[in-house]
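Here is a short set of exercises to work through with the model open beside you. Try each task before you read its solution.

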Amino acid sequence: MNQQVIHPMGKLQRQVQSLVDSKLIQKSDSIWKIALLYGDEWSHWKQELEDFGFATQDSIEELLLVETWEEAE
């Protein structure tokens with residue numbers, strides 16, 4: 001059986017897409033807005049986003065446009 005493991009950032013991306021679909025946030029909102037929804041976990045996700053070159057001022061849409069999450073080597 002061949003299962004594909006989803007990158008943690010892919011999981012975050014899916015969760016954020018779900019928030020957009022539920023109209024809790026908009027694609028044009030800044031990434032920092034999801035901090036309000038992630039509470040204690042935010043510091044971890046903020047670091048992950050920064051590691052991938054995102055700033056909290058970037059739009060959520062930029063996060064949702066990523067097609068593949070790969071670690072830099």
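How far apart are the mean positions of the positive and negative charges of the protein chain? The model is a predicted one, and the solution takes two steps.

Step 1: count the charges; the protein chain has 6 positive and 14 negative ones. Step 2: take the mean position of each set; the two means are 9 Å apart.

**Exercise 1. Describe the overall fold and its dimensions.**

Start with the secondary structure: the protein chain has 4 helices and 0 strands, so read from the N terminus the order is α-α-α-α.

Next, check the dimensions. The C-alpha atoms fit a box of roughly 35 × 25 × 25 Å along the principal axes. A compact globule of 73 residues would have a radius of gyration near 11 Å, and the 12 Å of the protein chain agrees with that.

Then look at burial and surface. Of the 73 residues, 34% are buried. The exposed area of the protein chain is about 5,500 Å², with 46% of it supplied by carbon and sulfur atoms.

Finally, consider the contacts with a separation of 6 or more: 62% of these join residues 24 or more positions apart.

**Exercise 2. Decide whether W69 is buried or exposed, and list what surrounds it.**

Place the residue first: W69 sits in the segment after α4, a helix that spans 60–64.

Now apply the cut-off. Buried means under 20% relative accessible area, and W69 has 11%, so W69 is buried.

For the surroundings, set aside the neighbours within four places in sequence; W69 then contacts H7, M9, G10, Q13, F52, F54 and L63. With Q13 there is also a polar contact between the two side chains, at 3.1 Å.

As a distance check, take D29, which is 40 residues from W69 along the chain: their C-alpha atoms are separated by 21 Å.

**Exercise 3. Compare H7 and V5 in the segment before α1.**

Begin with H7, which is found in the segment before α1 (8–21). Its relative accessible area is 18%, so H7 counts as buried. The side chain of H7 has a polar atom 2.9 Å from the backbone nitrogen of M9. H7 is also one of the residues in contact with W69.

Turn to V5, whose place is likewise in the segment before α1. The relative accessible area of V5 is 75%, so V5 is exposed.

**Exercise 4. Which side chain does the side chain of Q15 meet in a polar contact?**

Locate Q15 in helix α1. With 40% relative accessibility, Q15 is classed as partly exposed. The partner is Y38: the two side chains make a polar contact at 2.7 Å.

Two C-alpha distances help to place Q15. From V5, 10 residues away along the chain, the separation is 16 Å. From E48, 33 residues away in sequence, the separation is 15 Å.

**Exercise 5. What is the phi angle of K23, and where does K23 lie?**

Read the backbone angle: K23 has a positive phi of about 65°, although K23 is not a glycine. Then find its position, which is the loop between α1 and α2 (35–38). To finish, check accessibility: at 72% relative accessible area, K23 is exposed.

Key
Residues numbered from 1 in each chain as written. Predicted model: local features only at pLDDT ≥ 70, side-chain atom pairs only at ≥ 80, totals over all residues. Heavy atoms only, no water. Rg over C-alpha atoms; globule rule 2.2 N^0.38 Å. Buried < 20%, exposed > 50% of the residue type's maximum accessible area, 1.4 Å probe, protein only. Contact = heavy atoms within 4.5 Å. Areas by Shrake-Rupley, 256 points an atom, 1.4 Å probe, with all protein chains shown as cover. Lys, Arg positive; Asp, Glu negative; His and termini not counted. Charge placed at Lys NZ, Arg CZ, Asp CG, Glu CD. Polar contact = N/O pair within 3.5 Å; in protein donor to acceptor, adjacent residues only side chain to side chain.
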